[in-house]
Each structure stands twice: as structure tokens, then as C-alpha cells.
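Colleague: Could you take me through the cysteine links of this chain, one careful step at a time, and then through the aromatic rings? I am in my first year, so please explain how each label is reached.

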Amino acid sequence: MPMALKLLCVKLCVLLLFFSFSLATKLQNEENPERESLLSFKNSLKNPNFLSSWSPSHPHCQWVGVLCENNQVVSLTLQSMSLKGPISTSLFSLSNLIVLDLSGNFFYGEISPVVSQLRKLKELTLSDNQLSGDIPIELSELTQLEVLKLGPNFFTGKIPPELGKLTQLRHLDITGNALKGNVPVELSSLKQLEVLELGNNLLSGVLSPTLFTSLQSLISLDVSNNSLSGTIPKEIGNLNNLTDLYIGINGFTGVLPPEMGNLSKLQNLFSPSCFIKGPLPEEIGELKSLSKLDLSYNPLKCTIPKSIGKLQNLSILNLVYADINGSIPLEIGNCKNLKTLMLSFNSLSGSLPESLSKLPMLSFSAEKNQLSGTVPSWLGMWTEIDSLLLSSNQFFGKIPPEIGNCTLLNHISLSNNLLTGPIPPEVCNAVSLAEIDVDSNFLSGSIKDTFLKCRNLTQLVLDNNQFSGPIPEYFSDLSLMVLDIDSNNFSGPIPVSLWSSTDLMEFSAANNRLEGTLPVDIGNAVGLQRLILSNNQLHGTLPKVIGKLTSLSVLSLSSNSFEGVIPAELADCIALTTLDLGNNHLNGSIPEGLGDLAQLQCLVLSHNELSGTIPSKSFSYFRQINIPDSSFIQHHGVFDLSNNKISGSIPEELGNCVVVVDLLMSNNRLSGEIPRSLSHITNLTTLDLSGNSLTGSIPPDLGFSGKLQGLYLANNQLTGPIPATIGQMTSLVKLNLTGNKLSDSVPFNLGNLKGLTHLDLSWNELTGELPSSLSGMVNLVGLYVQHNRLSGTTDELFSSSTSWRIENVNLSMNALSGDVPSSLGNMSYLTYLDLHGNMLTGTIPPGLGNLTQLLYFDVSGNKLWGQIPTSLCDLYNLHFLDLADNRLEGPIPRGGICQNFTKMSLSGNKDLCGGVLGLDCELKSLRERPRVLNAWGIAGITAGSLFVILSVVYALVRSISNRESNVVVLDESKLSSSVNHNLYFLSSSRSKEPLSINVAMFEQPLLKLTLVDILEATSNFCKTNIIGDGGFGTVYKAILPDGKAVAIKKLNQAKTQGNREFLAEMETIGKVKHKNLVPLLGYCSLGEEKLLVYEYMEPTGPDFKESEGGNLVGWVFQKIKKGNGADVLDSLVLNAATKHDMLQTLQIAAICLSDNPANRPTMLQVGSSNSVKYLPRRYACFISSQVHFQTRTKEELRKESGSEEHAK
């Protein structure tokens, strides 16, 4: 019993003690202020449930992230818990806190100044949040602080200089904010600082040398990606403990100080994207510990110092875009740990040094330099290399098979070099090869078995070479994702098995000789995103199964021979951004479903035989501004239906296609009015509706198209006035309204179009005067208003001519009156001036002789009087001058072009004498003296006149007799029986020289016609038949009686010679036969008149945009200027051996096509010069400065009819 009583007492005591302890603990928890502060912090969060372990039922020292000593919170670490909200000030009451780490959360707002209460705090880490505002200066009161990390956040303002009071600080990180101002010099007081990270801010100014003098403990310094400027202080060499230096992406200038060679512990030097210049100091070789050196994107403009070979620990060297020149130094081969060498986009020359072969290279890039020589076989010694990039250099010779020894090679690029020969199959011994880029070389041969062993190949780029033969069948067995074989000589059909490749995403084989049809198997290539087969010889219909290619983004089948209708199933290719079916033989209507392709931003159906109307239902294409992968779009915003047979009206719904940039519907059969809704296309840059049957007026709303640069409404049936709102289109560059029925006057505010270069209002019914405001178009190059009803004078229009750089002016066939403005002589850029068919009076201003660039001048059909100015005749560039049908008088000047006048160009001026007219000016002057004639004088004159009349009658009889005896007339049956209808023109019977041409030079029996037949075919050489005008004569289009069109060149008399020499030259030309030369069909020689007859060629050449040079010659000049002259040359004859000579020949040809004849060499100089450098100095200068010439063809100078010029 006592024992039981004792046991009961013990239990009661234990229970009492437990109760007392629990009660004490509960009272302690309820009264602990730190616990309450933590709970207050939790409740301030937007997501307090993320701290679910912080339960009042548990002691706060056991909560997640809370560390206590002696029941006092000394550390709060809540990093990367996705907590969200402001930082509650309750935390700053934890006075015993030593570590506070809230990094990697979503805290926002400002840091309260009461943070200064954490006097014992040694580490404050608030990085990777969304905190904002200024960095509080109260942080400087945390004198025990050793680590302060505040970045990245959104702090603004300046770095508080007061931070310099934190003398115990070892790590300061405020990267990734928006801090501005200088780096405060007060930070130099932080003697214990080891890591200073200020990168990715907006700091500016220079770095104080004091920083580098005082911070001797600094190990890592990061001020990268700011706006710091000035030179790098030489005191940086005092940081003996520095291992990491990040100063790149700033505005630092000058050279790297040689004192940097004292940083013996430096391992990483990161200084790209500054303005550091060379030379690089030789002391850089003293950085024995350096492992990574990045000086890319700096204008170093120096060579690589040989001392860099001393860097035995260097593993990465990046000098990309650093303007490095010279050769790659042999000494780099001594950097035995170098694994990554990046030298791309510089001016390095010479060959690759063999000393590099012993390096443990993993990645080597030297793209876009001037390296030369052969691709070295020792590259095969880089057995661990992953990437080898040598594109855009001048390597020649063959690809070495030893590259196959690089068993870990993943990517090789040798594109844009001068490599020749076939690709060795041994390359595929590099079993890891995934990408091969060898485009733009002179590689040739078949690839029948070349890539058979490249089983890991995913990208193969062979375009712009000379590969031939069929596309191999084994391509379908590879893992190809990208196959690009554009611009080669591949032939035959596309292997059917290729369409079964499930990995293939891009197949581009444009500009080859591929044949056959697209099989139904194409529907199996469901992974295809880009299919480009343009400019081949494919034919047949487009298979309907193409609609299964739902991933297809780009489909380009232009310039083939596809026929039939466009399959409606194309609307199922919902990812299409580009659809180009232009230049085929497709017919039928445009499928309505194409309008449902929401991502479509380029539609080209031009040059087909499509008919029907433009789909007008509500559609969604050309509306989506942002698409998943815009890089796949070939021509953003192009809507091209031109050159078809599409009829009906233009749908109003097109105004909703806000993505359209170029709306091209010319040369169709469209009718109705131009929709006002087109003005809603806010990005519209080009609108071409020319060559249709549109009626009504031009919508004034078009004037609100703020981005429109080209407006082409020519050759329609538009009526009414030109809207004044067009004068508000300040972005307009070209305006063509020719060939309509527009009336009323030319709006005055067209002069506001300061950027306009071409204005064509010809062939309309415009009246009134030309507004003087047009002279405000300071960029105008061509002004064409011929064939209207304009009247008044032009004095005010040309009053500001000194500031006008216009080149072509055609005011002909109007009712303009008054004098020819003398101010025209100030228009020094003028090359073409046509004023014929007006009512101009007065004299020809002598000041026109100042127009040294003038090529064409026509004032015929006016009422001009006075003498022909000698200064006009002396213009050495003038090739065409017509003064006929005026009232000019006096002697014809004997200099320049005037000595080669034809009677036709002076006809109708009865008071002119001398020159070609043959009338003696002295005899003419006698007529003006008082005449007192006696009977003998009258009798003498009568007898003389009778003698002249009889002589003329006799000559006419002889002429008719000779013509009847010499002319052979062929009937229609003979004309139609000739296959090619080659023509041969005999000279008139008045020709005194015998025929000497070898007629066997021409391919067919020659047809004999008279000069009368030629005159009838050209309507007496009517100006409306002119299709071109060059330095040697004018070209007319002629229609023979059988309807056959020919081109007749009427040679300028200044360029002709004797008849025998002319016939001998014809014999020589008859021997020349080439597919690219227009055949010469015949000739005609009549005294001084010489005619050449060519086959008429319809215009088939490309239309060159202004950015491409404007025409063929301009395009060639632009290619030469950009160093891409090889693009002009014929790839069939171009190879590495001939490229240099052919480029030199191209440059000589460019000189010969100079607009200014003074810059053209003579044939003697061309024939005696083996290269450009042997031409006289002024021609060599022309090559270097040819970009300053605005190149034009002579055809462009002749815009007589207001229509497009014919290509010859």
C-alpha cells in the first residue's frame, strides 16, 4: 500500500510539472514579440499559405527558414519560395537578426528606412525580386554588414555614397537594376571589399583611379553593360588579387593600359562591345593565369600580338568583329590549352598556320575574313573539334578528305569561298556530322554517293554551286531536316522517296533544271515547313494532297510550267505565311478558301492565266500582325495578282488587310471604281492598279495613306480631277497617272511631295497652267506631263531651277506658250528635255549650253525664231536634237551635233542656211538686198528656172525607171512561206556603190524591200513608234505588211562611215550568232542614211526596284559597289580560274557604260589594257567613285509616249 501511494505521488508530481511547463511555454509563446513579428510578416503576404509551417501551435524557432540561438531569431532564410508582397517592416524589429535572405521571390515595393534597426545584421540578400525605388541611405547604418546583395531588382536613382561607410563589407552586388549616375568614389573606403558587382545598370561617367588604388582586396569587379566612358585607368594594374574583370558593353575608349600585365592572377577578362582601340599591349602576354579573353566588337584595328602565345592557360579567345588585320600569328599554336578560337568578321589574311594543328581545339571560327590558300589537310588532326566555321573567305582548291578524321565534328561551314571539285565522300567519316554548309562556291560533280554515310546529317546546304545530276534517292534514308540545293544544275525528277521523309522541314531546290510533276506522295511530307521549287522545269497540275501539309509555312513554286487550277485544298495548309505560284500557266479562279489562311502574309499569283473575280467574302488573311515565326516569310505583306485575266471589281474587304504592304493588281481586266477602303491599309507602301479598266474618280481618301511610296494608276479610264489630298502623301516617291481621262488643273499642293522622284501625268486631259509649286519637289528626277491640254507659261515653274535636280522633263504636246525659260540653263542635272508640239515663242536660250549632261532635246513644232545657239551644238553629251517646224533662221552652226543634222530635224525652218540644207548663206543674204532687175536679168532667171525644171523632171523619170527595174515585189504567199522571215534590205537605186556583203552570213533567204516600205512600216519614222534612243541612233518599232514586228535602228549620221566600210561591217556582224544577242535581220544604206533591222523582242526582263538600281545597268553597278560582282556573271562559264579576269572585264564594261562619255575609255584603250589597273588614271578613279553616278539606260530617256519603254 505505501508503495502504491508513493507511485501515485510520483505520477501526480510528473503531471504537475508537465502542466506547469506547458503553461509556461504557452505564456512564453503568447508574449514573444519576435514570434508576433514573424506572424505579422506572414499575414502581410499575398500568398501566406506558402508559409503553412508557420503555425501558432508550433514554436517559431521550428518554423521553416527560421534559425534561433537562445530562443532569439538570428537568421531568416526564405529564398526561392515564390513569396509575394511588400517586405513588412515587422521583420526589421528582429533586432538580433544576423542573416536576412529573401532572394528569388516576388517581393515588391520599397525598402523601408527602418531597416536601420537591424544593427547586428551581417548579410542582407534581397536579389532576384521586384523591389523598386531608391536604395535607402539608412543601409549605411548597418555597420556590421559584410554581404549586401540587392540585384537584380528595379531600383532607381543613384548608388548612395553613404555605402562607403560599410567598412566591413566584403561583397556588394547591385547588378541588374536601373541605377544612374557615377560610381561613387566613396566606395574606395571599402578596404575589405572582395566582390564589387555593378553590372547591367545605367551608370555613366568615368571610373575614378582612386577605386583601383584603394580596393586592394578586390577579387572580382563587374561594371559591364552600363554607359561608362573614358579610358581604363592605368591604376587598374594595382589590383594584384583580381581574378575576374568584366568591363564590356560600355563606352570605354583608348587602348588597354600596359599596366594590366601586372594582374598575374587574372583569369577572366571580359571587355566586348566597347570602343577600345589597338594596338594590344605586348604586356598582355604576362597574364599567365588568363583563361578567357573576350575583346570582341571593339574597333581594335590592329594585329594579334605575338606575345599572346605566352598565355599557356588560355582556353577561350574571342576577337569577333574586332577589326583585326594581318595574319594569324604562328605563336597562337603555343597556347596549349586553347580550345575555342573565334576570329570571325575581321580582316585577317594569309593562310591558316599549321602550328594550330596541335591545339586541343573544340570550336574554331574565322568566317568573313580574307583568309586564302587551300583548306589545310591538317584540320583532320583536330579530332575533338565540334564546330569548324570558315565561310566567306578566299579559300580555293578542293575540300580535303582528312576532315573525315574529325570524328566529333558536328558543324562544318565552308560557304562563300572559291572551292572547286567534288565533295569527298570521306567527309562522312566524321560520323557526328549534323550540319554541312558549302554554299556559294564552285563545287561540281555529282553527289550520287557523297553523303551516303552521313547518317546523322540534319542540315545540308549546297546552294549556289555547280553540282549536277539527279537528286539522290538515299536522302530519304538520312535524318535531314534542312535540304537546300538552290541554284545548281540538278536535273531529273525529284525522288518520290524524299516525300516520305518524316524529319524533313525545309526543302529548297529553286533555280535548277528539275523536271517532272509533283506526285501525290508529297502529301506524306507532313513535317514540311518550307518548300521552295521556283524556277525549274516542273509541270503538270498541283496535287490536291498538298493540303495535308498543315505545317507548311512557305510554298514557292513560281517560274515553272504548272497548269490547271489552284487546288482548293491549299486552304487546309493553315500555317501558310507565303504562297508564291507566280509565272506559271495556272488558270481558273482564285479559291475562296485562301482567304481563311489567317497567317498568310505573302500571296503571289502574278503572271498566270487566272480569271474570274477576286474573292470578296469575309476573309482573315493579311490581318494577323504577329505570327509564330515571322522569319519564314519571304516577302512580308505582298499581295500580287498582276498580269492575269482577273475581272470584276476590287473588293471593299481588301481594306481590312492591314498587313498588306504591296498591293499589286496591274494588267488585269478589273473594272468599277477604286474602293475607298484601300486607304484603311495603314502599312500600304505600293499600290499598283495600272493597266485595267477602272472607272470613276481617284478616291480622295487615298491621300490619307501615310506610308504610301508608290501609287500607280496608269492606263485605266479614270476621270475627274486629281484629288488635292494626294498632296498630303508626304511619303510618296513615285506617282504615275498616265493614260487616263483625268481633267481639270494640276493641284497646287502636289508641290508638298518633297520626297517625290517621278511624276507622270501624261496622256490625260489636264488643263490650266503647271503650278510653280512643283519646283518645290527637290528630289524630283522625272516630270512627264506630255499629251494634255496644259497652257500658259513655264517661267515660274523653272524660276527656282538652281535647287532642282530633275533629270527628265517632258512637256510636249500641250498648248504651252511664252518663251523657253532661260532658267532651264541652270538645271545642271537635266539629261532629257522634250518641249515639242507646243506654242512656245522667242529664241532658244544660249544658256542651255550649260546643260553638260543633256542627252536629248526636242523643241520641234513650236514658233521659235532666231539663230541656233552655238553653245547648244557644243554639248558633247547631246545625242538627239530636233528643231524642226519652227521659224529659226541664220546659218547652222558647224560644231558638235549640229554638223550631223539631218534635214528632217531642221525641216520647216525656211530661213536656215548652211550645213545639211546646202543653201549658201552668202547667196541667201543677197536676196535681202534691194533688187533692180532689167529685162536681161529677168530673162536670165527665166531661162535658168526652165533649165532646173527640165533637169528635175528628167531625174524623176530616171528614178522611177530604176526603182521599177531593181525592186522585187513578193506576194503574201512568199512572206508566209519563210520560217523566220529574215529580211534583207537593198539600198536605193541612188546608191552608187556595189553590194559587197556576203549574204551567206544570214541564215535564211533575204527579203528585198525598198526604203518606201520602211517608211510605211514606221509611219514615216513617227515619234510614237520610238522604243529607244541610244548613243548611235534611235530605234523604231515597225510593222511589216504581213503583221510581223521588227525593230529598226536609224543610225546617227555622226556615227556612220562610207558605204563600203558600212557593208563590210554588216558582213562581220552577220557572222555573230549568240542566244543573248538580238539577231540582225538586214540593213539599208541610202547615201548618208544607214538603217539596221533587228528582230523585235518583247520586254521580258525583270523590273528592278529603285533599291535595286532601278534598271539592269543600275543593278549591275550596285552589285559591283557591294563587292558582289560575281552575282552578275554567267555561272555556266564562271569558275575559280576565270573569276578574277571576268570581274575585271565587268569593271571595264561598267566604265564603258558611264553616263558621261568623257569618262568612257576609247576602244583602243580597252583593247590594249589587260586589266582595269592599266587603264588611264581617270578611268580607275571612275571605278572607285562609280557609286556617285545615277545610272540610266538610254531607253529611260525616251519617255515620249508615257508608256513603259521597250527592252531591246
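**A close look at the cysteines and the rings**

Modeller: C898 has a relative accessible area of 4%, so C898 counts as buried. Please keep in mind from the start that this is a predicted model. A disulfide is a covalent bond between the sulfur atoms of two cysteines, and a search of the whole structure finds three disulfides.

C898 belongs to one of them, since a disulfide joins C873 to C898, with 1.6 Å from S to S. The torsion about the S-S bond of C873 and C898 is about -75°, and the disulfide is therefore left-handed. This pair links distant parts of the chain, because C873 is in helix α4 (residues 870–873), C898 is in the loop between β68 (887–891) and β69 (911–913), and the two are 25 residues apart. The partner, C873, has a relative accessible area of 0% and is therefore buried as well.

Another disulfide joins C428 to C454, where the distance from S to S is 1.8 Å. With -90° about the S-S bond, the link of C428 and C454 is left-handed. Here too distant parts of the chain are linked: C428 is in the loop between β30 (418–421) and β31 (435–437), C454 is in the loop between β32 (442–445) and β33 (459–461), and 26 residues separate the pair. C428 is buried, at a relative accessible area of 3%, and C454 is buried too, at 2%.

In the disulfide of C61 and C68, the sulfur atoms are 2.1 Å apart, and the torsion about the S-S bond is about -90°, so this disulfide is also left-handed. Why do its two cysteines get separate labels, one partly exposed and one buried? Buried means under 20% relative accessible area, and partly exposed runs from there up to 50%; C61, at 23% relative accessibility, therefore counts as partly exposed, whereas C68, at 18%, counts as buried.

Turning to the rings, a search of the whole structure finds 13 aromatic pairs. Among them, the rings of F467 and F490 have their centres 6.4 Å apart and their planes at 20°, so the pair is stacked; planes under 30 degrees apart receive that label. F467 lies in strand β34 (residues 466–469) and F490 in strand β36 (residues 489–493), so the pair ties together parts that are 23 residues apart in sequence. F467 is buried, at 0% relative accessible area, and F490 is buried at 0% as well.

Y856 and F880 form an aromatic pair that is also stacked, with 4.3 Å from centre to centre and 5° between the planes. Because Y856 lies in strand β65 (residues 856–858) and F880 in strand β67 (residues 880–882), this pair ties together parts that are 24 residues apart in sequence, and both Y856 and F880 are buried. Elsewhere, ring pairs link F41, W54, W63 and F107 into a cluster.

Aromatic residues also appear on the surface, where Y297, Y321 and F345 form a nonpolar patch with about 300 Å² of accessible area together. Of these, Y297 lies in the loop between β20 (292–294) and β21 (316–318), and Y297 is partly exposed, with a relative accessible area of 45%.

Definitions and conventions:
Residues are numbered from 1 along each chain as its sequence is written. This is a predicted model: local features need pLDDT of at least 70, side-chain atom pairs count only at pLDDT 80 or more; totals for chains, interfaces and linings use all residues. Side-chain values use heavy atoms; hydrogens and water are left out. A disulfide is a pair of cysteine sulfur atoms within 2.5 Å. Buried means under 20% relative accessible area, exposed over 50%, partly exposed in between (1.4 Å probe, protein chains only). Helices (H or I, at least four residues) and strands (E, at least two) are DSSP runs, numbered from the N terminus. Patches are made of residues with over 30% relative accessible area and no salt bridge: like charges are joined within 9 Å, nonpolar side chains (Val, Leu, Ile, Met, Phe, Trp, Tyr) within 5 Å. Accessible areas come from the Shrake-Rupley method with a 1.4 Å probe; for residues, only the protein chains shown count as cover. A salt bridge is a side-chain nitrogen of Lys or Arg within 4 Å of a carboxyl oxygen of Asp or Glu. Rings of Phe, Tyr and Trp (its six-membered ring) pair if their centres lie within 6.5 Å; planes under 30 degrees apart count as stacked, over 60 as edge-to-face and the rest as tilted.
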